[in-house]
Amino acid sequence: MEREMMLGQMHPACEAPSARNPLFPVNRAPLPMMAVRSMAFHDILFLHQHPVWFEKYRARFGSHYHAAQRVEPELVRLFDSGALMAAGGSFC
């Protein structure tokens, strides 16, 4: 996270679905492997529950949420949730 990089695991039996198509096993691969990639806008799906990780995400992509009508509502909800947790709050 310090370098805004993400790590993904893939293997033949991986059942993790795609973020936008739950029927597509996006991390299924013929051989076990790891992928290292730059942080992407959709990574709010993975980072919103970890305040330190969320702050790295917010520093990189937070300005996109100022025009929230241009962002998918689910991603806005996760961003707002991450911001609340990073501020020390919770939904409970």
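Reader: In this predicted model, which exposed residues does the face of H2 turned away from its buried side carry?

Author: The model is a predicted one. Exposed here stands for over 50% relative accessible area. On helix H2, the face directed away from the buried side carries two names that meet this description, Val52 and Ala59.

Reader: Why do the buried residues of H2 line one face of the helix?

Author: Helix H2 spans residues 51-61, and its buried residues are Phe54, Tyr57 and Phe61. They line one face because, viewed down the axis of H2, they fall within an arc of 60°.

Reader: Against which helices do the buried residues of H2 pack?

Author: Packing is judged by contact, that is, heavy atoms within 4.5 Å. By this criterion the partners of the buried residues of H2 are helix H1 (44-47) and helix H3 (73-86).

Reader: Which helix supplies the largest share of the largest nonpolar core?

Author: This core has 14 residues, and Met39, Ile44, Tyr57, Tyr65 and Phe79 touch the most other members. At least two residues come from each of H1, H2 and H3. The largest share, 5 residues, is supplied by H3.

Reader: Which residues does phenylalanine 79 contact, leaving aside its neighbours within four places in sequence?

Author: Phe79 is among the core members that touch the most others. With those sequence neighbours set aside, phenylalanine 79 is in contact with Ile44, Phe54, Tyr57, Arg58, Gly62 and Tyr65.

Reader: Which element gives the largest share of the lining of the largest pocket?

Author: The largest pocket, of about 450 Å³, is lined by 16 residues. Strand S1 (5-10), strand S2 (33-38) and H1 each supply at least two of them. The largest share, 5 residues, comes from S1.

Methods
Residues are numbered from 1 along each chain as its sequence is written. This is a predicted model: local features need pLDDT of at least 70, side-chain atom pairs count only at pLDDT 80 or more; totals for chains, interfaces and linings use all residues. Side-chain values use heavy atoms; hydrogens and water are left out. Buried means under 20% relative accessible area, exposed over 50%, partly exposed in between (1.4 Å probe, protein chains only). Helices (H or I, at least four residues) and strands (E, at least two) are DSSP runs, numbered from the N terminus. The arc is that of the directions from the helix axis to the C-beta atoms. A nonpolar core is a set of buried Ala, Val, Leu, Ile, Met, Phe, Trp, Tyr and Cys residues joined through side-chain atoms within 4.5 Å. On a 1 Å grid over the protein atoms alone, a cavity is a set of points where a 1.4 Å probe fits but cannot get out, and a pocket is an open set with protein on both sides within 12 Å along at least five of seven lines; lining residues have an atom within 4 Å of a point. Grid points are joined across faces, edges and corners, and a volume is the space filled by probe spheres set on the points.
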